Amino acid sequence: MKTVVVCGASGYIGQQLLRTLESNGVDVRTIGRGGTSDATWSDEHGVADVLSGTDLLVNLAGRSVSCRYNKRNADEIFSSRVETTALLGRALTRTPRPPSLWANASTGTIYRDARDRPMDEKNGELGKGFSVAVARAWEHELFSAPTPVRKVALRMSIVLGAGGGAINPFVNLARMGFGGRMGDGRQMFSWIHIADVIRSIIHIYEHPEISGPVNIASPHPVTNDEMMRQVRAALGRRYGVPTPDWMLEFGARVIRTEAELVLKSRWVAPGVLADNNFRYQFPTLESALDQIAQETPRGLLPVTLG
């Protein structure tokens, strides 16, 4: 792999992917909204030029879902994912030498609220609601794009890592003493360390037999109750006040987000990665939290690509 195009490089995952690739000698081109990008979303011909002659396209573009789902935010969440994916599909048809793999972000929340069994790529049941509708439309644009490029939808679970990711709100709650279970605490918490997100993308690139949806998740999910217990342990806190549903709903309104982000049971099983012998750098939540506690925010992640 010599040249990679990253869309959404300004986000947490994009920044870490870009740094890791560049530190391993990979030439990285970017597509985004800012003037520092190699191409912008407003210039479809420029996007096609940037894509030409590259090895891998990774599209991570999308507005944060940590907000209230009012009409304005919902429209932005939808368009920032679906329209950019559609544009890439059109641009790839203009590209004389397209990349061999198009890895497009998706989400593990496409599956239903699951407390009875894990959801893998073959037998997982899709859910209902706004988040699922966005995910369905997102993947539809990817797989319906009229280009012969190999396509993978990265159905990512909750991403944890130092200096960002989704762990900070849980850490802050634990520090304030509210580090107990959320709701009944029995909802499943599927997660993935940022280093393994990056390594899984490289693994998929190196295995041309992989295509279609791929669950990007640790093989060891935990309940919310267990997750908060391990967060407290990493902080040296023995006890945390539980947060009932009504308090989460109220608090979500105050901080302008949705309680669904912590109350929905996400039980995502990485079937494709397991079948293709992917080896995790941080397979357990304990190992991931230990690394996050030790890592400085500005430091490079200890990602081993081999």
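**Helices α2 and α3**

Select E44, H45, V47, A48 and L51 in α2; in this predicted model they meet L87, L88, R90, A91, L92 and R94 of α3. Sorted by class, the residues of this contact of α2 with α3 comprise seven nonpolar, one polar and three charged. Extend the selection to the whole of helix α2 (residues 44–51) and helix α3 (residues 71–94): the two axes come within 8 Å and cross at roughly 65°. The crossing of α2 and α3 is right-handed.

**The whole chain**

Zoom out to the full chain of 306 residues, of which 55% count as buried. A cartoon representation shows 11 helices and 12 strands. Of the contacts in the protein chain with a separation of 6 or more, 76% are between residues 24 or more positions apart.

**The seven-stranded sheet**

Next, display the open sheet of seven strands, in which the pairing is parallel and the order is β3-β2-β1-β4-β5-β6-β11. Which strands stand at the edges? They are β3 and β11 (212–216); each has a single partner strand, so one side of each lacks a neighbour in the sheet. The strands of a sheet pair through backbone hydrogen bonds, in either a parallel or an antiparallel sense.

Walk through the sheet from the β3 edge, selecting one pair at a time:

- Select β2 and strand β3 (residues 39–40), which are parallel and share two bridges. Here I31 stands opposite A39 of β3.
- Move to strand β1 (residues 3–7) and strand β2 (residues 27–32), a parallel pair joined by five bridges. The bridge partner of V6 in β2 is T30. Tracing the backbone from β1 through α1 to β2 follows a β-α-β crossover, which is right-handed.
- Continue to β1 and β4, parallel again, with four bridges. V4 stands opposite L56 of β4.
- Select strand β4 (residues 56–59) with strand β5 (residues 101–107); four bridges connect them in the parallel sense. L57 has W102 as its bridge partner in β5.

Before leaving β4, show its side chains. L56 and V58 point one way from the strand, whereas L57 and N59 point the other way. Are these four residues buried or exposed? All of them are buried.

**Helix α6 across the sheet**

Add helix α6 to the view. α6 lies across β4, β5, β6 (150–156) and β11, and its direction is at about 160° to that of β6.

Within α6, select S200. With a relative accessible area of 1%, S200 falls under the 20% cut-off and is therefore buried. Leaving aside residues up to four places away in sequence, S200 touches I216, L273 and F278.

**Helix α1 against helix α6**

Keep α6 displayed and add α1. The axes of helix α1 (residues 12–23) and helix α6 (residues 194–206) cross at roughly 65° and come within 10 Å. The crossing of these two helices is right-handed. To view the contact itself, select Y12, I13, Q16, L17, T20 and L21 of α1 together with I194, V197, I198 and I202 of α6. What is the make-up of this contact by class? The residues of the contact of α1 with α6 are eight nonpolar, two polar and no charged.

**V171 in helix α5**

Now select V171, located in helix α5 (residues 168–175). V171 counts as buried because its relative accessibility is 16%, under the cut-off of 20%. Show V231 and L235 as well: V171 touches both, not counting residues up to four places away in sequence. A distance between the C-alpha atoms of V171 and L235 gives 8.0 Å, although these residues are 64 residues apart along the chain.

**N277 in a loop**

For the last stop, select N277 in the loop between α10 (271–275) and α11 (285–294). The phi of N277 is positive, about 60°, although N277 is not a glycine. Is N277 buried or exposed? Its relative accessible area is 62%, so N277 is exposed.

Terms used
Residues numbered from 1 in each chain as written. Predicted model: local features only at pLDDT ≥ 70, side-chain atom pairs only at ≥ 80, totals over all residues. Heavy atoms only, no water. Axes fitted to C-alpha atoms, helices over the stretch in contact; angles between N-to-C directions. Left-handed = near helix turned anticlockwise from the far one by under 90°. Contact = heavy atoms within 4.5 Å. Nonpolar A, V, L, I, M, F, W, Y, C, P; charged D, E, K, R; others polar. Pairing = 2+ DSSP bridges. Right-handed = clockwise from strand over helix to strand, strands pointing away. Buried < 20%, exposed > 50% of the residue type's maximum accessible area, 1.4 Å probe, protein only.
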